[in-house]
Amino acid sequence: MKFLLIMNVNPKVLDALTEEEQNAIGAGHGELLKELAATGEMIASQALADPSTSVTVKAVDGVPTPTDGPFVEAKEFIGGYYLVDVENRERAVELATKIPDARIPGLGIEVRQVMFDAGAEM
Amino acid sequence: MNGVEDALRTAAPRVLGALTRRYGDFAACEDAVQEALLEASRAWGAGGPPDNPNGWVYRVAARRMVDRIRGDEARRRREETAASRELPVEAPEHDDTVTLLFLCCHPALTPASQIALTLRAVGGLSTAEIANAFLVPEATMGPRISRAKAKLVGARFAEPPAEERPQRLRTVLRVLYLIFNEGYTASAGRRLQRRDLAVEAIRLTRTLRDALGDDGEATGLLSLMLLTEARSAAREAADGALIPLDEQDRSLWDRELIAEGTRLVENAMLTSELGPYQLQAAIAALHVEPGDAADTDWEQIAVLYRILNRLDPAPVVTLNRAVAIGMSQGPQAGLDLLRQLEKPLARHHRFHAVRGFLLDRAGRSDAARDAFRTAARLTASLPERRYLRRRADSL
């Protein structure tokens with residue numbers, strides 16, 4: 001089963017972290033990346049640029065139109081993700097608890113299953 | 001499968017078995033066989049397989065093993081042993097497929113690893129092919145297989161002791177069934193490589209069953225696969241939409257597979273101890289009996305599900321029984337049975353789909369529509385979601 005582990009970040013919370021805390025987060029991601037590569041569960045992981053640099057394309061009078069800024073004005077944004085292929089939902093949640101962000105109040109990991117192109121007879 | 005591929009897949013477990021018996025190191029032997037299969041597919045490509053394909057692959061794989069041993073020894077600055085110099089020439093006659101299946105489905109491995117290793121070591125598929133079939137990058141599948149092999153270091157290359165055998169055989173059958181399902185539920189048009197998994201699972205189960213002789217559950221599983229595969233051409237519309245059993249064009253069903261599957265399960269139930277796969281196969285056989293969907297013997301199906309639930313209790317079995325009860329005794333009887341599943345299956349899309357189906361038959365369209373919508377939200381399968389939304393919209 002494939003899951004996207006979505007890292008929700010609050011830039012204010014991130015800015016308030018000490019250098020030590022930031023280094024610990026970096027090291028934690030490094031460890032997790034190593035573990036996932038060894039177990040054969042890793043598909044991809046990316047960190048995303050700050051939402052202030054985003055462009056959003058939305059319909060204006062039915063025409064796709066680009067506007068500067070993120071899609072929703074919110075305190076939390078998607079800071080990055082892990083795409084993993086795991087045995088079951090429990091394992092996906094276990095991996096999310098290993099993401100260092102999960103230890104910091106104000107940040108959170110959302111575990112969402114990826115849809116697939118196969119179906120059982122009904 | 002063409003002639004070359006056929007020969008390669010047949011050679012893989014035989015050569016690997018013979019090599020492991022001789023050199024012991026399963027992980028290294030497995031690598032050597034993979035390299036030999038690759039070399040064979042290049043060499044045989046145009047002209048077809050040689051007269052003795054097993055012998056050909058064995059010689060190349062054995063040479064690789066000798067090279068490896070020599071390399072290791074050179075690194076350790078040791079003299080070559082006489083054993084590593086001498087090249088065996090005889091082709092492997094003994095078929096170790098069953099021993100290999102037990103090893104690849106070792107309880108120390110996760111199901112995903114058991115599946116991957118079985119396809120590679122017994123099925124002769126390459127890591128790239130397996131990765132393709134499971135829609136993950138090769139860089140994900142490679143470590144998964146290496147890790148599985150590393151976990152097997154020290155495991156004996158022999159069939160499990162008698163007291164462990166029944167449990168271990170159940171694991172092997174489950175792995176083969178999981179491989180089949182991966183292929184069978186794949187959308188036929190766009191996922192050709194995944195469809196091959198269903199064919200491969202049938203081939204491996206057939207080999208296992210032939211090797212075991214008269215095992216009722218191996219026969220039951222083979223029968224279940226054949227009876228399910230028989231409907232594959234009818235279960236999907238040209239646009240990839242799912243077609244439910246009662247709406248399928250029955251002229252598209254494969255009558256030969258149905259005949260073979262039915263014969264197998266009937267014999268197994270007469271001659272061996274009853275088991276879950278035989279029961280599921282018997283149910284599948286009732287679904288594909290001649291006649292219309294309206295002629296389906298739901299009463300008999302409900303009885304079989306009740307026995308299955310006693311042998312192998314699971315909420316999903318009760319769920320299927322609720323459909324059969326609903327069809328034979330009226331939708332309200334089915335809905336009554338569903339009530340006990342509300343808690344365990346609350347987040348399971350199939351529960352809500354069955355509820356919608358029974359509510360619809362009971363004439364409660366609004367409640368049915370809500371149930372189908374809930375089911376559509378809960379499934380992670382795109383074709384299932386499309387189908388469930390369509391059902392909701394039609395009410």
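## Exercises on a predicted two-chain model

At 1.5 Å a residue, the twelve residues of α13(B) should span 16 Å, and the 17 Å between its end C-alpha atoms agrees with that. The structure is a predicted model, and the exercises below work through parts of it.

**Exercise 1. Decide how far α13(B) is enclosed by the rest of the structure, and state which helices its buried residues pack against.**

Step 1. List the buried positions. In α13(B) these are P276(B), Y277(B), Q278(B), L279(B), Q280(B), A281(B), A282(B), I283(B), A284(B) and A285(B).

Step 2. Compare with the length of the helix. Ten of its twelve residues are buried, so α13(B) is largely enclosed by the rest of the structure.

Step 3. Name the partners. The buried residues of α13(B) pack against α9 (165–184), α11, α12 (255–271) and α14 (298–311) of chain B.

**Exercise 2. Describe how α11(B) and α13(B) pack: what are the angle and the distance between their axes, and which residues meet?**

Step 1. Recall what is needed. A pair of packed helices is described by the angle between the axes and by the distance between them.

Step 2. Read off both values. Helix α11 (residues 216–229) of chain B packs on helix α13 (residues 276–287) of chain B at an angle of about 30 degrees, and the axes are 7 Å apart.

Step 3. Classify the angle. Angles under 35 degrees count as roughly parallel. Therefore α11(B) and α13(B) are roughly parallel to each other.

Step 4. Give the hand. The crossing of α11(B) and α13(B) is left-handed.

Step 5. List the residues in contact. From α11(B) come G216(B), E217(B), G220(B), L221(B), S223(B), L224(B), L227(B) and T228(B); they meet Y277(B), Q278(B), Q280(B), A281(B), A284(B) and A285(B) of α13(B). Sorted by class, the residues of this contact are seven nonpolar, six polar and one charged.

Step 6. Look at the spacing within a helix. An α-helix has 3.6 residues a turn, so residues three or four places apart point the same way.

**Exercise 3. Describe the packing of α18(B) and α19(B) in the same terms: what is the crossing angle, and how many residues of the contact are charged?**

Step 1. Read off the values. The axes of helix α18 (residues 365–378) of chain B and α19(B) come within 8 Å and cross at roughly 165 degrees.

Step 2. Classify the angle. Angles over 145 degrees count as roughly antiparallel. That makes α18(B) roughly antiparallel to α19(B).

Step 3. Give the hand. α18(B) passes α19(B) in a left-handed crossing.

Step 4. List the residues and sort them. R369(B), F372(B), R373(B), A375(B) and A376(B) in α18(B) meet R385(B), L388(B), R389(B), R391(B) and A392(B) in α19(B). This contact of α18(B) with α19(B) has five nonpolar, no polar and five charged residues.

**Exercise 4. Set out the main features of chain A and chain B, beginning with their helices and strands.**

Step 1. Count the elements. Chain A has three helices and six strands, whereas chain B has 19 helices and zero strands. Along the sequence, the elements of chain A come in the pattern β-α-α-β-β-β-β-α-β.

Step 2. Give the extents along the principal axes. The C-alpha trace of chain A spans about 55 × 50 × 20 Å; the C-alpha atoms of chain B fill a box of roughly 85 × 40 × 40 Å.

Step 3. Give the buried share. In chain A, 18% of the 122 residues are buried; in chain B, 44% of the 395 residues count as buried.

**Exercise 5. Describe the side of chain B that touches chain A: how many residues are in contact, and which element gives the largest share?**

Step 1. Count the residues. 26 residues of chain B are in contact with 17 residues of chain A.

Step 2. Find the elements. Those of chain B that give two or more residues to this side are α6 (111–122), α8 (138–151) and α19 (382–393). The largest share, five residues, comes from α8(B).

Step 3. Sort by class. The side of chain B that touches chain A has 15 nonpolar, five polar and six charged residues.

**Exercise 6. Place D61(A) and L135(B) in their loops and decide whether each is exposed or partly exposed.**

Step 1. Locate them. D61(A) lies in the loop between β3 (55–60) and β4 (63–68) of chain A, and L135(B) in the loop between α7 (127–133) and α8 of chain B.

Step 2. Check phi. D61(A) has a positive phi of about 55 degrees although it is not a glycine. Phi of L135(B) is near 55 degrees, also positive in a residue other than glycine.

Step 3. Use the neighbour counts. D61(A) has 5 C-beta neighbours inside 10 Å and so counts as exposed. L135(B), with 19 other C-beta atoms within 10 Å, is partly exposed.

How values were computed:
Residues numbered from 1 in each chain as written. Chains lettered and ligands numbered in written order. Predicted model: local features only at pLDDT ≥ 70, side-chain atom pairs only at ≥ 80, totals over all residues. Axes fitted to C-alpha atoms, helices over the stretch in contact; angles between N-to-C directions. Helix = DSSP H or I, 4+ residues; strand = E, 2+ residues; numbered from the N terminus. Parallel < 35°, antiparallel > 145°, perpendicular 65-115°, else oblique. Left-handed = near helix turned anticlockwise from the far one by under 90°. Contact = placed C-beta atoms within 7 Å. Nonpolar A, V, L, I, M, F, W, Y, C, P; charged D, E, K, R; others polar. Expected span 1.5 Å × (residues − 1). Buried ≥ 20, exposed ≤ 12 C-beta atoms within 10 Å, placed from the backbone.
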